[in-house]
Amino acid sequence: MKVMKFGGTSVGEPDSLQRVKKIIEKEREPVIVIVSALGGVTDRLLLAANFALNGNPGYKTLIEEIVLRHEELIEKMISSPDDKEELKLKTGHLFEELRNILQGVFLIGDLSQKTSDKIVSYGERLSSLIISKIIDMAQLYDATKFIKTDKQFHNHIPDLARSNELIRKTFSEMPPPRVAVVPGFISSSNDNNDITNLGRGGSDYTAAIIAAAMNASVLEIWTDVDGFMTADPKIINSAYVIEELSFTEAIELSNFGAKVIYPPTIFPVYHKNIPIRVKNTFHPETEGTLIKNIEPSRNGKIIKGISSINDTALITIQGLGMVGVIGVNKRIFSALADNGISVFIVSQASSENSSSIGVRSQDALLSQQVLRKEFAHEIGMGSINDIIVEYDLATIAIVGQNMKHVPGIAGKFFGALGRNGISIVALAQGGGETNISCVIAKSDLKKSLNVIHDSFFLSPYQELNLFIVGTGTVGGNLLEQIKQQQSTLKEQNKLRINIVGIANGRKALFTREGIPLDGYFDNLMANGVQSSPERIREEIIKMNIFNSVFVDCTASPDIAKLYGELMAKNISVVTANKIAASSDYESYRYLKETARKTGVKFLFETNVGAGLPIINTMNSLTNSGDKIVKLEAVLSGTLNFIFNTLSEDIPFSKAIRMAVEAQFAEPDPRIDLSGLDVTRKLVILSREAGANVNQSDVKKNLFVPQKYFDGSLEEFWKTIPEMDTSFEARRQELAKEGKRLRFVASYDNGNCEVGLREVEQGHPFYDLEGSNNIIMITTERYNEYPMVIKGYGAGAGVTAAGVFSDIISIANIR
């Protein structure tokens, strides 16, 4: 025999009922079908009862809406005139009873628990009556005849021994009906047979009790989801169905917010080892989730899923008077239990001077009042502080029986949260090691779930969420490279790069779902908001998104000023902008320290040498214990291009213009000719080598007189040809001597210098072509033969590639 339960959404409309009919009638073995009230009816009944209690005649309108809904269902689903007439008579009788009860509540202004239980029972009584006529060869049974309860505090607790006996007696007839229809949720009391109920989700419980009593082959829970998910799919887009769960894992997930199964459901069938299959009425072809007895395995997934409760309040009882006092916890939990308050997380300090308990927000005020009363004497004496309540919290639990005996799981869990700036308010881990849970700020819930889902590989992809500022030559090339590589990284490296923000000097566009890169610029300009550094900062922080990376492809000092605050919010920074790393030394150290403390990345490889791996190489050397004693480098692709281009036919002024046209130089080439760019790069390299250096400490030997930097750009282009003759003369003289000009930056034991240098044939700098860069790194290990790094040092494409490489390194893929 199989037991099948169908929830309110499954039986709520004619279309869904047709699906239910097909599912049941396909079964070849006898089945017991437990049904809920039509979707939303229980809530409407409770609302009508509340209206009546408060003297609001609107309860009548609510009841007539319920009546109309059931009558329309009968009209659409029942074809036999006789069956239709019979149903109308029976439902009409039930509706008349309901109207009379509610009128009584309205007139006397009183609503007892007994009356309330009877009012809400009509939902299941009506639905089961109608469904028994829809399903071929179905026979209706009254659950109040065999599901018995006893009163415990404010709840009705099933008397399983008596219920089992009555269930077996009820369904022992031979042959059994092909389809038995039973209303879920409702029951009756042992003492006087009053109608009671099993609480919200009680239809699941009804099904489990019957399945256990009848030793069913399987209990099927038919609902509107495909099964248990690895996380809430409304929050985690990449959440997927869990194929198998152990009974323990299912209970833990259900207790912590997974609303797939009412938690007590699992207990009766667990003891009979009856598997539970969760299926979707609207996608019956899917396998759903199978819950059964599964032994822990070292080869299985460490965690199965993540559950969360988003309306947590934390009650804290604290005081030195609690230390060593026996019975404090008993008093806490007894006082709460006596008032029907359920606790779902407990965290206690090892010194016993503090205990924190998690309850639903709606129970927080009552919990505080109850505990203040219980400990009034101790609070008055000062041995226990006042009872503190913290609101606006959420609880997260990771669940998996394979966590047992696997070291480092808690560290990974808390580390992942910490790296993303998520503070833990309280935490708990049971000795069974199937659940680690913590309380966090409610505002961090979405971010936390994404972080954990990503960290434990429940998500099929690791995800980076990028905010890219700058859509010029470098930013535009970067976005194009990401577009071309996105699918490859996703398929081969399981890395999903999501562009959640794009901004330039005019517009800014932000969306959690990601910005498609096809036509991104038109989208930005058409749908973006007015851009400013302040707006960019506010939007990024407000999004509070996990695994965030801020990518600066500008040369803006105002954008560079955002780095510190963003990193303090656990957002990594990748930048092609040299301003931050070359600004005053204290600012540089602050950014490095902030990155270290928060565990995020501050990467600026392209600040020197575009896409060349210079800074990473230096860091690898120093981190492995080597010491950099000297650096010599040609770091301006622009200036190298100019000096390589000089010839008898191409004078100095023309070579400058060619550099601008080739986009090796800035539109105003004086920025490059001033040596400021090289000075900044040298400062950055010297700092990475361990020196405390500012730009003012660099000795500058410049080759273009100051007068050419004064005035407008137009004046510069008119007057710069004045230097052509002197440069040509010098070029010819050097050519005779077998030498060439190079603008060299050098660091030697703390001394920094930039300037024009003559290099002879055979020197590593002599044959440096085009706009290439080169650096020679002398260390204590690489002393006699310095390390040489050489290659393209300018150009939007290679710079963008270097930025892209820094982004990829944050994901730590190989």
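**Exercises on a predicted chain**

Apart from its neighbours within four places in sequence, Tyr391 is in contact (heavy atoms within 4.5 Å) with Thr312, Ala313, Ser361, Ala364 and Leu365. This is a predicted model, in which local features need pLDDT of at least 70 and side-chain atom pairs count only at pLDDT 80 or more, while totals for chains, interfaces and linings use all residues. Residues are numbered from 1 along each chain as its sequence is written, and side-chain values use heavy atoms, with hydrogens and water left out.

**Exercise 1.** Place Tyr391 in the secondary structure and classify its exposure.

*Solution.* Step one: Tyr391 belongs to strand 16, residues 388–399. Helices (H or I, at least four residues) and strands (E, at least two) are DSSP runs, numbered from the N terminus. Step two: the relative accessible area of Tyr391 is 41%. Buried means under 20%, exposed over 50%, and partly exposed in between, with a 1.4 Å probe and protein chains only; Tyr391 is therefore partly exposed. Step three: Ala313, one of its contacts, is 78 residues away along the chain, yet the two C-alpha atoms are separated by 4.7 Å.

**Exercise 2.** Locate Asn215 and Asn544 and describe their phi angles.

*Solution.* Step one: Asn215 lies in the loop between helix 7 (202–213) and strand 9 (218–223). Asn544 is in the loop between helix 17 (533–543) and strand 23 (548–552). Step two: phi of Asn215 is near 50°, a positive value in a residue other than glycine. Asn544, also not a glycine, has a positive phi of about 50°. Step three: Asn215 has a relative accessible area of 52%, so Asn215 is exposed.

**Exercise 3.** How many disulfides does the structure hold, and are Cys438 and Cys553 buried or exposed?

*Solution.* Step one: a disulfide is a pair of cysteine sulfur atoms within 2.5 Å, and the structure holds 0 of them. Step two: Cys438 has 0% relative accessibility, so Cys438 counts as buried. Cys553, at 12%, also counts as buried.

**Exercise 4.** Describe the overall form of the chain.

*Solution.* Step one: the chain has 29 helices and 31 strands. Its radius of gyration, taken over C-alpha atoms, is 37 Å, well over the 28 Å that the globule rule (2.2 Å times the number of residues to the power 0.38) gives for 814 residues, so the chain is more spread out than a compact globule. Step two: along the principal axes, the C-alpha atoms fill a box of roughly 115 × 70 × 55 Å. Step three: buried residues make up 52% of the 814 residues. Among contacts between residues at least 6 apart in sequence, 72% join residues at least 24 apart.
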